[in-house]
Structures are given as structure tokens and as C-alpha cells.
Amino acid sequence: MKPFTVRLNFHGDLDFFLPSKTRRKSIERSLSEKTSIKDVIESCGVPHPEVDLIIVNGEAVNFEYSVMSDAEFDVYPPGIQSPHTRKKRLQVHTIMRFVSDGHLGRLTRNLRLLGFDVAYDPRAHDRRLLEVMERENRALLTRDRRLLMHAVVKTGYCPRSEFADEQTIEVIRRFDLFRFIAPFTRCLRCNAPLQEIAKADIIEELEPLTKIYYEQFRRCTGCSQIYWAGSHFPKLQERLEQIRANFGG
Ligand SMILES: [Zn+2]
């Protein structure tokens, strides 16, 4: 096969994944054999779950599209408007169940604080993460691009920021979760739902001051941890306000 050249224009924040020395949003690749567009995109460092739309010659194509001659592609992340908004979107828009890798403990805690279901085991190996992802239909959260490129990953996201609060906002934005925020409904330790519980039922388990100052309590249906406003609410409130500010709400 005669060698040919493929040019990829990456839109939105997909340049995050490109080699930093190029500092350009376009990359050219010389190929000499038929290659799927998915492989060409990933060879540039961009994991396929980050790609929502691929356009060539004005047409939206999927990941299996074969590249075999000179061509120019436009590659878009989720959330970018284009004339092809409704056609051939490659990613799930909203998903509410996640599995996060062992480096994202603080992000996990934040998301649980907001009520989201996040499986997390700091000791889990990659294979285990992928198993949980597939079996429980969860989106994978990881900053490990190689892991995100794994063929079995359908839905996933690589937080751009190193900071948990910013990562939280990114995840809410990517999966359009703002309207589903339900603070104080999920256990930070084990991810099980919390249940309201009468003070009288747990009064023996409370510290003296907690007994005096608080009236509303919730108990984890998984690990039995007891939560009340004084223990977690101020911090949660602060984060919520920060998040709302980011969404202009
Ligand atoms: Zn629990």
C-alpha cells in the first residue's frame, strides 16, 4: 500500500492529551496500512472514551471507520456543539454510576458527598477495575490514559485537574449531573445509601454533645455509620456553593 497522510484536528480540551511540545491542536500521521480511526486517534494520546464525534468529509463516522488514503478528521469531545450534534455521537451523555481508580480517593469522597454512586477500592488492580466497570455498567474515572484506552472501556473520563474539587466539577459537567445532586444521601466510607433514622433509636451510640445539639440523623444501610449535620455539613455546604458558582446556578 502506498503511504498516506492523515491529519487530525482535535477540538475542545482534547489538546490536553496531545504531546505538550507540539502545543498545537492538529497532528499529522503517516500510515502505510489500513488503520481504524480509533487506533489513529489513540496513537496521538487521546483515549477513545474522550471522543464523542469524528467528522471526515462532512460526515460523522464511528471508531471502526477505516483510514486508507489521505484524509483530514475533526475530533470532538462530549459537550461541544457542532452541526452534527445529534448524529453519531459516540459517548453516553449521562451516566450516574462510576468506578474510580485508587488514586482518586478524594474525588470519590466528593462525589459520594453529593450522592453519587462510586465504587472505589484503593487496592484494586486495573483488571479488577475493568471487571467492576463492565459488570455493574459503571463509567471509569482514571487519570491513567492507558487504562482508559483499554478496548473494553465504553464510558470513562480522565480528570484534567490534579485537585479533587476541580475534578468533581469536571465530572459533574462531563456527565451532566448537576440536577441529580442529592447531598447527604450516600455513605462516604462504603458507598451504600443512607437512611433517615430517629434520634431515639441511636441515642445510646451518640457522644454527649452530639446528643444535645443535633436532631436529624442518618445511618448507612451498608456499614451502619451514623451521620448528622454537624459532622459533615459545613464542608459539604462550602463545596456545593463552589460547584454551583461554576455552573452559574
Ligand atoms: Zn457505609
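Q: Buried or exposed: which word fits E215?
A: This is a predicted model, in which local features need pLDDT of at least 70 and side-chain atom pairs count only at pLDDT 80 or more, while totals for chains, interfaces and linings use all residues. Residues are numbered from 1 along each chain as its sequence is written, and side-chain values use heavy atoms, with hydrogens and water left out. Buried means under 20% relative accessible area, exposed over 50%, and partly exposed in between (1.4 Å probe, protein chains only). The relative accessibility of E215 is 54%, so E215 counts as exposed.

Q: Which residue meets E215 in a salt bridge?
A: A salt bridge needs a side-chain nitrogen of Lys or Arg within 4 Å of a carboxyl oxygen of Asp or Glu. Here the N to O distance is 3.1 Å. The partner of E215 is buried, at a relative accessible area of 15%, and the side chain concerned is that of K199.

Q: Where in the chain do E215 and K199 lie?
A: Helices (H or I, at least four residues) and strands (E, at least two) are DSSP runs, numbered from the N terminus. E215 and K199 form a salt bridge. The pair links distant parts of the chain, 16 residues apart: E215 in the loop between α7 (208-213) and β13 (217-220), K199 in helix α6 (residues 199-202).

Q: Which helix holds both R128 and E131?
A: R128 and E131 form a salt bridge whose closest N and O atoms are 3.5 Å apart. R128 is partly exposed at 40% relative accessibility, and E131 is partly exposed at 37%. The two residues are 3 apart, about one turn of the helix, and both belong to α3 (residues 126-135).

Q: Why does the arrangement around the zinc ion count as tetrahedral?
A: Donors are N, O and S atoms within 2.8 Å of the metal (3.2 Å for Na, K and Ca); water is not among the atoms, so sites may look incomplete. The protein donors of the zinc ion are the SG atoms of C187, C190, C220 and C223, lying 2.3 Å from the ion. Four donors count as tetrahedral if all angles lie between 85 and 135 degrees. The arrangement is tetrahedral because the 4 donor atoms subtend angles of 96 to 118°.

Q: Buried or partly exposed: which word fits C190?
A: Along the chain, the zinc donors follow the spacing C-x2-C-x29-C-x2-C. C187 is buried, with a relative accessible area of 0%. C190 has 33% relative accessibility and therefore counts as partly exposed.

Q: What is the average twist from one strand to the next in the open sheet of 5 strands?
A: Two strands pair if DSSP finds at least two bridges between them. The open sheet has the order β2-β1-β7-β4-β5, with mixed pairing. Its edge strands, β2 (26-31) and β5 (59-61), each pair on one side only. With axes as lines fitted to C-alpha atoms (for helices over the stretch in contact) and angles running from 0 to 180 degrees between N-to-C directions, the twist averages 30°.

Q: Which residue in β2 is the bridge partner of V6?
A: Strand β1 (residues 4-10) and β2 pair in the antiparallel sense over 6 bridges. The partner of V6 in β2 is R29.

Q: How far apart in space are M149 and G45, C-alpha to C-alpha?
A: M149 lies in the loop between α4 (145-148) and β11 (156-157), and M149 is buried at 15% relative accessible area. Beyond residues up to four places away in sequence, M149 touches E42, G45, V46, P47 and H48, where contact means heavy atoms within 4.5 Å. M149 and G45 are 104 residues apart in sequence, and their spatial separation is 9.1 Å.

Key:
Tetrahedral: all angles 85-135°; square planar, octahedral: opposite > 155°, others 65-115°.
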